[in-house]
Amino acid sequence: MKKSQLVLLFLCSLVIWTTGNGLLPLLPLYAKSLGANSLMVGAYLAFSYLFLASGVMVSGYVVEHYVASKRLIIRAGIVCLPLTLMMGWVESVELLVPLTSLLWFLGGMAFSALNSLASDLTPSESRGAYFSLLAMASPLGAIVGGLISGPIVDQWNYQALFIVMTGVSLLWPLSIWLLDTTPLTSASVVSNLPVSGTASLGDKHHRLSTNTKLLLFASLLAFIANFIGILGVSLSMDELGFNATEISSTAVIGGLVALPFIYGIGRLSDLLGRKLFWITCCVSGLVALWALPVANNLWHFWCVALLLRIFSTGNRGIGSAWVVDLSNGINSPKLIALFGTTTWVGGILGYLITGYGLLYWGGGITFSLALTFPLLAILFVIPLNAKRK
């Protein structure tokens with residue numbers, strides 16, 4: 001991959017993560033300001049994530065049958081500009097829900113197409129290194145988004161926030177429009193094409209193994225717990241009277257931790273085995289959910305956010321590698337995509353549980369229930385092979 005290609009792909013990914021991570025901690029507050037209760041907030045975010053997951057799934061079909069990845073990313077980015085701007089002028093949750101859902105749907109399509117485009121441009125022997133670099137856009141986007149979103153709302157209002165985010169989003173289609181999609185070498189391969197010697201998920205001789213199914217289910221449980229924690233932090237801080245800057249600062253702290261963590265934890269799992277470090281990340285989530293109900297100072301919530309970021313980053317990074325270790329000959333890109341859906345399904349279920357639980361059970365019971373998810377996840381992975389093949 002050429003350096004210019006890497007820079008433009010990273011910039012596009014950074015913009016998507018910056019707007020998403022910049023808005024996510026404050027969307028529950030914005031919805032509450034429009035009259036939503038905790039259950040409505042949870043349902044609102046769950047519905048948005050349903051559309052996000054749908055966008056990810058639809059993207060592959062659209063790219064294969066209708067439009068190239070580059071054009072899809074550009075068109076999605078252009079449509080997202082007025083949607084982002086309009087979100088600042090809604091006067092009810094009923095209008096906020098469809099706008100957010102459509103924005104998340106287009107973002108899911110673009111992000112999936114971006115990964116496909118990056119894979120097409122990357123030589124197979126360097127794909128791991130380049131994708132690790134591109135993965136840094138997620139925590140860096142959390143830092144940038146968190147630094148700008150809260151202060152803007154506190155200094156001005158939500159309308160100003162969506163104006164700024166619309167301006168930032170201009171770089172999304174622009175960066176890909178400038179991208180030269182010519183591969184650097186002939187060694188690059190198209191990620192959607194089956195690799196010789198592998199099989200698709202539908203091959204009757206290469207079904208998902210029991211171990212793979214256990215890991216997928218464990219990942220789903222872990223992400224349910226993670227998203228309960230994410231929404232729980234925002235709503236708990238709002239109830240305690242923290243302002244938007246303080247609430248968005250939790251994303252900054254989590255992102256700062258994840259920057260070195262993405263490389264470190266993955267490398268250690270290569271050397272010492274996946275299981276130990278995947279379970280370590282789950283324990284981090286357990287501690288975060290245990291501490292959340294008693295948190296009342298800003299630094300308490302920073303610690304919770306830090307532990308949740310370790311939890312989610314470790315599950316996503318180590319889990320992606322581990323599921324390939326257990327692949328049983330199945331086409332790795334398709335299997336990784338299947339593993340990736342556990343994130344968004346976990347978000348849907350986690351948000352619904354949090355919204356309902358905080359309204360009808362209270363924080364104590366809700367977060368105590370959340371503790372069972374990472375505990376069960378650990379139990380499901382204990383029988384699995386720990387070593388990299």
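**View 1. Cys281, a buried cysteine without a disulfide partner.** In this predicted model, Cys281 counts as buried because its relative accessibility is just 1%, under the 20% cut-off. Look for a bonding partner and you come up empty: Cys281 is in no disulfide. The nearest cysteine sulfur belongs to Cys282 and sits 7.3 Å away, whereas a disulfide would need the two sulfur atoms within 2.5 Å. Zoom out to the whole structure and the search still finds zero disulfides. Cys80 is another cysteine to look up here: at 1% relative accessibility, Cys80 counts as buried too.

**View 2. Helix α4 against helix α8.** Here we have α4, residues 69-86, packed with α8, residues 158-169. Their axes are 8 Å apart and the angle comes to about 170 degrees. That angle is over 145 degrees, so the two helices count as roughly antiparallel to each other. On the α4 side, the residues in contact are Leu81, Thr84 and Leu85. Facing them from α8 are Phe162, Ile163, Met165, Thr166 and Ser169. Sort the residues of this contact by type and you get five nonpolar, three polar and no charged.

**View 3. Ile78, a partly exposed residue of α4.** Staying with helix α4, this close-up picks out Ile78. Its relative accessibility is 47%, which means Ile78 counts as partly exposed, between the 20% and 50% limits. Now find Trp172: Ile78 and Trp172 are 94 residues apart in sequence, yet their C-alpha atoms are 8.3 Å apart in space.

**View 4. Ser249 in helix α11.** Helix α11 covers residues 244-272, and Ser249 is found in it. With a relative accessible area of 15%, Ser249 is buried. What does Ser249 touch, leaving aside residues up to four places away in sequence? The answer is Leu298 and Trp302.

**View 5. Stepping back to the whole chain.** Count up the secondary structure and you get 15 helices and zero strands. The chain has 389 residues, and 53% of them count as buried. Take the contacts between residues at least 6 apart in sequence: 85% of these join residues at least 24 apart. As for the outside, the accessible surface of the chain comes to about 16300 Å², and carbon and sulfur atoms account for 69% of that area.

How values were computed. Residues numbered from 1 in each chain as written. Predicted model: local features only at pLDDT ≥ 70, side-chain atom pairs only at ≥ 80, totals over all residues. Heavy atoms only, no water. Helix = DSSP H or I, 4+ residues; strand = E, 2+ residues; numbered from the N terminus. Buried < 20%, exposed > 50% of the residue type's maximum accessible area, 1.4 Å probe, protein only. Contact = heavy atoms within 4.5 Å. Areas by Shrake-Rupley, 256 points an atom, 1.4 Å probe, with all protein chains shown as cover. Axes fitted to C-alpha atoms, helices over the stretch in contact; angles between N-to-C directions. Parallel < 35°, antiparallel > 145°, perpendicular 65-115°, else oblique. Nonpolar A, V, L, I, M, F, W, Y, C, P; charged D, E, K, R; others polar.
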